[in-house]
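I am opening a fresh page for this chain. My plan is to begin with the core, then go through one helix, one hairpin and a few single residues.

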Amino acid sequence: MKAPEEVVARWQDAWNSADADALSLLFAEDAEFVNVVGLWWHDRESIRVSHEFGFTTIFPGSTITMGKPRLRMLGDAGAVVQARWHLVGQIAPDGAPAGEREGIFTFVLERRAESWITIAAQNTDIVPNTQTHINAPEGRSSIYYRSLD
């Protein structure tokens with residue numbers, strides 16, 4: 001990548017092609033990746049294998065639309081790129097269509113030679129009308145502490 005914000009379009013292209021190899025090549029060999037539920041992968045191959053599973057089991061035929069990237073340079077050799085995303089086409093474990101989702105992706109990139117590579121990424125679901133999660137004996141839920149009116 002010639003510019004760090006290119007990672008957003010390349011992520012979208014790889015996802016929409018269900019190409020785990022292309023997606024993994026956005027990452028350094030020793031990259032870190034935390035997904036929307038806190039699964040944490042510690043290298044390019046783990047990122048590739050996990051997304052390959054996702055493309056065949058959870059997200060076959062899904063489409064992600066990435067929003068305009070926001071870029072924050074960290075000196076000359078580092079950058080943080082963030083973008084909102086919108087996903088359609090996920091399937092439930094029983095094969096039924098799942099609802100649409102939105103989130104925010106954060107990529108941390110490093111300049112190496114004449115190109116940029118992702119060294120860490122964090123993907124976060126947006127849960128509308130909530131502020132945090134709460135764990136209770138009956139399970140986890142997303143909650144809002146303020147009145148919605």
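Entry 1, the core. I am working from a predicted model, and I looked up its largest nonpolar core, which has 30 residues and in which W11, F27 and F107 have the most contacts. I then asked which elements supply at least two residues each of this core. They are the helices α1 (6-16), α2 (20-24) and α3 (44-57), together with the strands β1 (27-34), β3 (63-66), β5 (78-88), β6 (101-112) and β7 (115-125). For F27 I listed the neighbours, leaving out residues up to four places away in sequence, and found that F27 touches W11, F33, R44, I47, I117, T118 and A121.

Entry 2, helix α1. I noted that V7, V8, W11, A14 and W15 are buried in α1. Viewed down the helix axis, the buried residues of α1 fall within an arc of 135°, so they line one face of the helix. As background I recall that an α-helix has 3.6 residues a turn, so residues three or four places apart point the same way. After α1 comes A18, for which I read a positive phi, near 50°.

Entry 3, the whole chain. I counted three helices and nine strands, and from the N terminus on I wrote the order of elements as α-α-β-β-α-β-β-β-β-β-β-β. The C-alpha trace spans about 50 × 35 × 25 Å along its principal axes. Of the 149 residues, 32% count as buried, and the accessible surface comes to about 9,000 Å², with 53% of it belonging to carbon and sulfur atoms. Among contacts between residues at least 6 apart in sequence, 48% join residues at least 24 apart.

Entry 4, the β4-β5 hairpin. Strand β4 (residues 70-74) runs antiparallel to β5, and five bridges join the two. I checked R70 in particular, and its bridge partner in β5 is Q82. The hairpin formed by β4 and β5 has three residues between the strands, and G75 in the turn has a positive phi of about 70°.

Entry 5, two arginines. Is R48 buried or exposed? R48, which lies in helix α3, has a relative accessible area of 15% and is therefore buried, the cut-off being under 20%. Leaving out residues up to four places away in sequence, R48 touches A20, D21 and S24. R101, in strand β6, has a relative accessibility of 19% and so counts as buried. Its side chain is joined to that of D125 by a polar contact of 3.0 Å. Outside the residues up to four places away in sequence, R101 touches V36, F59, W85, H86, L87, Q90 and D125.

Entry 6, D43. Where does D43 lie? I placed D43 in the loop between β2 (40-41) and α3, and at a relative accessible area of 28% D43 is partly exposed. A polar atom of the D43 side chain lies 3.2 Å from the backbone nitrogen of E45, while the contacts of D43, again not counting residues up to four places away in sequence, are with E29, D30 and A31. Finally I took the separation between the C-alpha atoms of D43 and W85, which are 42 residues apart along the chain, and it came to 23 Å.

Technical notes. Residues numbered from 1 in each chain as written. Predicted model: local features only at pLDDT ≥ 70, side-chain atom pairs only at ≥ 80, totals over all residues. Heavy atoms only, no water. Core = buried A, V, L, I, M, F, W, Y, C linked by side-chain atoms within 4.5 Å. Buried < 20%, exposed > 50% of the residue type's maximum accessible area, 1.4 Å probe, protein only. Contact = heavy atoms within 4.5 Å. Arc of directions from axis to C-beta. Pairing = 2+ DSSP bridges. Areas by Shrake-Rupley, 256 points an atom, 1.4 Å probe, with all protein chains shown as cover. Polar contact = N/O pair within 3.5 Å; in protein donor to acceptor, adjacent residues only side chain to side chain.
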